[in-house]
Amino acid sequence: MAVARTGKLLPVAGTLFVPDERKGEVRRRLKRARGQVDGIERMLDANRTCAEILQQIAAAQEALRAAGKLMVRSYMEKCATEGIRSGREKEIYDEFLEIIYRMVR
């Protein structure tokens, strides 16, 4: 189960959370972000300019945002839909808001 900021456990719906195809897409985004973070470290070692490093940080953040968008889609398609169908609308609504709040802070 996921843990909310308050420390309370959030509800989890179903057992298959992320379809294999989506996992591959998310992994590709994470691999890209990982490569960019490694590149940032190399840029620091090479004493590259602040502007270049900041540009690479922005690229890494965007790769992680893209992975997050894919996971939100997966959540809505699978977890939230199953939870709503099982009559847990309020719990799913609260869980989704908590997810969104974490993503936009």
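Mentor: Contact here means heavy atoms within 4.5 Å. The model under discussion is a predicted one.

Trainee: What is the mean pLDDT of the protein chain?

Mentor: The model is predicted, and pLDDT is the predictor's confidence in each residue. Of the residues in the protein chain, 85% reach 70 or more. The mean pLDDT of the chain is 87.

Trainee: Which element has the highest mean pLDDT?

Mentor: Among the elements of the protein chain, helix 3 has the lowest mean pLDDT, 92. At the other end, with a mean of 95, stands the element covering residues 20-45. That element is helix 1.

Trainee: Over which residues is the pLDDT below 50?

Mentor: The stretch in question has 16 contacts in the model beyond near neighbours in sequence. The pLDDT is below 50 over residues 1-5.

Trainee: Are helix 2 and helix 3 roughly parallel or roughly antiparallel to each other?

Mentor: Helix 2 spans residues 50-85 and helix 3 spans residues 89-104; their axes lie 10 Å apart, at an angle of about 170°. Angles over 145 degrees count as roughly antiparallel. Helix 2 and helix 3 are therefore roughly antiparallel.

Trainee: How many residues of the contact of helix 2 with helix 3 are nonpolar?

Mentor: On the helix 2 side the contact includes Val-72, Tyr-75, Met-76 and Cys-79, and on the helix 3 side it includes Ile-92, Phe-96, Ile-99 and Met-103. The contact also has two polar and three charged residues. The number of nonpolar residues is 10.

Trainee: Is Cys-79 buried or exposed?

Mentor: Cys-79 is one of the helix 2 residues that meet helix 3. Its relative accessibility is 11%, and the cut-off for a buried residue is under 20%. Cys-79 therefore counts as buried.

Trainee: How many disulfides does the structure hold?

Mentor: A disulfide requires a pair of cysteine sulfur atoms within 2.5 Å. Cys-50, for its part, is exposed, with a relative accessible area of 61%. The number of disulfides in the structure is zero.

Trainee: Which residue has a positive phi although it is not a glycine?

Mentor: The residue lies in the loop between helix 1 and helix 2. It is exposed, with a relative accessible area of 68%. Its phi is about 60°. The residue is Asn-47.

Trainee: How far apart in space are Ile-100 and Val-72, C-alpha to C-alpha?

Mentor: Ile-100 is in helix 3, and at 27% relative accessibility Ile-100 counts as partly exposed. Val-72 is in helix 2. In sequence Ile-100 and Val-72 are 28 residues apart. In space, C-alpha to C-alpha, the distance between Ile-100 and Val-72 is 8.8 Å.

Methods:
Residues numbered from 1 in each chain as written. Predicted model: local features only at pLDDT ≥ 70, side-chain atom pairs only at ≥ 80, totals over all residues. Heavy atoms only, no water. Axes fitted to C-alpha atoms, helices over the stretch in contact; angles between N-to-C directions. Helix = DSSP H or I, 4+ residues; strand = E, 2+ residues; numbered from the N terminus. Parallel < 35°, antiparallel > 145°, perpendicular 65-115°, else oblique. Nonpolar A, V, L, I, M, F, W, Y, C, P; charged D, E, K, R; others polar. pLDDT = per-residue confidence, 0-100. Buried < 20%, exposed > 50% of the residue type's maximum accessible area, 1.4 Å probe, protein only.
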